[in-house]
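Trainee: Could we go through this structure together? I would like to hear the reasoning behind each label.
Mentor: Gladly; have a look first, then ask away.

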Amino acid sequence: MRILVALGGNALLQRHERPDADIQQHHIDAAAAALAPLATTHELVITHGNGPQVGLLALESAKDPALTRPYPLDVLGAQTQGMIGYWLVQALRNTLPDREVAGVITQTVVAADDRAFDHPTKFVGPTYDEADARDLAAARGWSVARDGTAWRRVVPSPEPRDIVERALIGRLVADGTLVVCAGGGGVPVTRGSDGRLTGVEAVIDKDLTSALLAEAIGADALLLLTDVDAVDAGYGTSHPRPIGRATPAEMRSIPFPDGSMAPKVEAACRFVDATGGTAAIGSLLGASALLAGTSGTTISPGRGRAQGRAGTVIWPPERARQPRVIEDQGPYRMARRWRSLDGGTTSSPPRAYL
């Protein structure tokens with residue numbers, strides 16, 4: 001089986017941890033150990049996030065007195081591909097000495113007129129309290145947004161349209177190479193009418209790029225690995241319920257936070273819709289169980305309401321009639337307006353959905 005595994009940036013550096021090299025290498029060694037059982041029996045392509053790392057490099061670049069201006073985000077993204085890719089390739093070689101492992105610097109084509117450039121949503125860098133985040137935004141011209149209980153910088157995250165190195169990656173996988181690529185969603189570039197590539201200031205969502213790449217290389221499964229055990233319905237409420245199995249339509253009917261779980265869910269849904277394969281979201285340390293469908297959230301074609309791991313229906317909730325999605329918009333095609341039971345519309349999901 002050919003599997004694309006996407007490692008979340010927070011699976012490589014936990015929230016509130018210092019971004020020291022030895023801490024990240026420790027997590028990467030654990031990631032290599034968790035992926036080794038899959039790599040011994042399957043063809044594996046590994047992508048990774050870079051939100052904490054690219055944000056740190058951006059801070060360092062902005063403070064460097066030797067620079068006339070900070071390095072652009074595309075260059076910083078390429079730097080993180082080299083850094084994290086090196087750690088991953090080395091850890092995988094040490095764990096699987098009989099396997100060929102290669103890292104590929106990857107460029108991802110985006111549209112120059114993508115509306116995401118005017119509406120930044122991608123979290124990068126460390127967390128702050130609200131007051132510090134707003135002070136930094138005013139001083140440095142940042143956009144900031146709430147991420148859980150903290151605040152972080154947000155940058156443009158345009159839609160991935162094509163992957164420049166996809167044919168090369170496909171050949172390497174076909175030859176039996178374990179490939180690390182598309183770090184941080186790939187270096188964002190635009191393609192001119194003459195075919196020339198130019199870097200742009202953005203950070204592409206690595207899960208959406210991973211779904212596109214998984215489709216391009218003919219992957220049978222897409223695993224989106226992060227620091228949570230499963231996707232929760234009712235996230236952020238007093239009664240979250242982990243989703244065990246669901247279809248793309250069911251997952252898209254549930255509201256998820258932009259910039260965090262929403263793109264993971266959308267990436268999984270896109271892959272399933274495009275290929276008829278299976279996607280799953282869950283913990284890095286449970287990767288083998290996630291592929292087997294015994295942990296995490298599995299998204300696959302089919303009918304039936306979203307279920308918990310034990311098979312009980314958890315979505316939609318049984319306690320109320322359900323509103324109907326009437327408009328589909330936003331950077332991740334997630335529902336933004338809902339028809340209420342009295343026939344009106346609202347930008348917030350009714351309490352029955354929470």
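Trainee: Which residue in strand 10 is the bridge partner of Thr108?
Mentor: The partner of Thr108 is Pro188. Keep in mind that this is a predicted model. The wider pairing joins strand 4 (residues 107–109) to strand 10 in the parallel sense, over three bridges. Gln107 also takes part, standing opposite Val187 in strand 10.

Trainee: How do you know that strand 4 and strand 10 pair?
Mentor: Pairing requires at least two bridges between the strands. Strand 4 and strand 10 have three bridges, so they count as paired.

Trainee: What does strand 10 pair with in the antiparallel sense?
Mentor: That is strand 11 (residues 197–199), again over three bridges. Within this pairing, Thr190 stands opposite Thr198 of strand 11. Strand 10 and strand 11 form a hairpin with five residues between them, and Gly195 in the turn has a positive phi of about 90 degrees.

Trainee: What makes the pairing in the sheet mixed?
Mentor: Strand 4 and strand 10 pair in the parallel sense, while strand 10 and strand 11 pair in the antiparallel sense. The sheet has four strands in the order 8-4-10-11, and it is open. Strand 8 (162–163) and strand 11 are at its edges, each with a single partner strand, so one side of each has no neighbour in the sheet.

Trainee: Why is strand 10 called largely enclosed?
Mentor: A residue is buried when its relative accessible area is under 20%. Four of the five residues of strand 10 (residues 187–191) are buried, so the rest of the structure largely encloses this strand. Helix 4 (residues 73–95) lies across strand 10 and strand 11, and runs at about 130 degrees to strand 10.

Trainee: Why is helix 2 called oblique to helix 4?
Mentor: Helix 2 (residues 21–41) and helix 4 pack at an angle of about 45 degrees, their axes 9 Å apart. Angles under 35 degrees would count as roughly parallel, and 65 to 115 as roughly perpendicular. The angle fits neither range, so helix 2 is oblique to helix 4. The crossing of helix 2 past helix 4 is right-handed.

Trainee: Which residues meet in that contact between helix 2 and helix 4?
Mentor: Helix 2 contributes residues including Ala21, Ile28, Asp29 and Ala36, and helix 4 residues including Ile84, Trp87, Leu88 and Thr95. The residues of this contact divide into ten nonpolar, three polar and one charged.

Trainee: Why is Gln14 called partly exposed?
Mentor: Buried means under 20% and exposed means over 50%. Gln14 has 28% relative accessibility, so it is partly exposed. Gln14 lies in the loop between helix 1 (9–12) and helix 2. Leaving aside residues up to four places away in sequence, Gln14 touches His27 and Asp227.

Trainee: And why does Pro126 count as partly exposed?
Mentor: Its relative accessible area is 34%, and the cut-offs are again 20% and 50%, so Pro126 is partly exposed. Pro126 is found in strand 5 (residues 122–128). The C-alpha atoms of Pro126 and Gly51 are separated by 8.7 Å, with the two residues 75 residues apart along the chain.

Technical notes. Residues are numbered from 1 along each chain as its sequence is written. This is a predicted model: local features need pLDDT of at least 70, side-chain atom pairs count only at pLDDT 80 or more; totals for chains, interfaces and linings use all residues. Side-chain values use heavy atoms; hydrogens and water are left out. Buried means under 20% relative accessible area, exposed over 50%, partly exposed in between (1.4 Å probe, protein chains only). Helices (H or I, at least four residues) and strands (E, at least two) are DSSP runs, numbered from the N terminus. Contact means heavy atoms within 4.5 Å. Axes are lines fitted to C-alpha atoms, for helices over the stretch in contact, and angles run from 0 to 180 degrees between N-to-C directions. Angles under 35 degrees count as roughly parallel, over 145 as roughly antiparallel, 65 to 115 as roughly perpendicular and the rest as oblique. A crossing is left-handed if the near helix is turned anticlockwise from the far one by less than a right angle, and right-handed if clockwise. Ala, Val, Leu, Ile, Met, Phe, Trp, Tyr, Cys and Pro count as nonpolar, Asp, Glu, Lys and Arg as charged, and the others, Gly among them, as polar.
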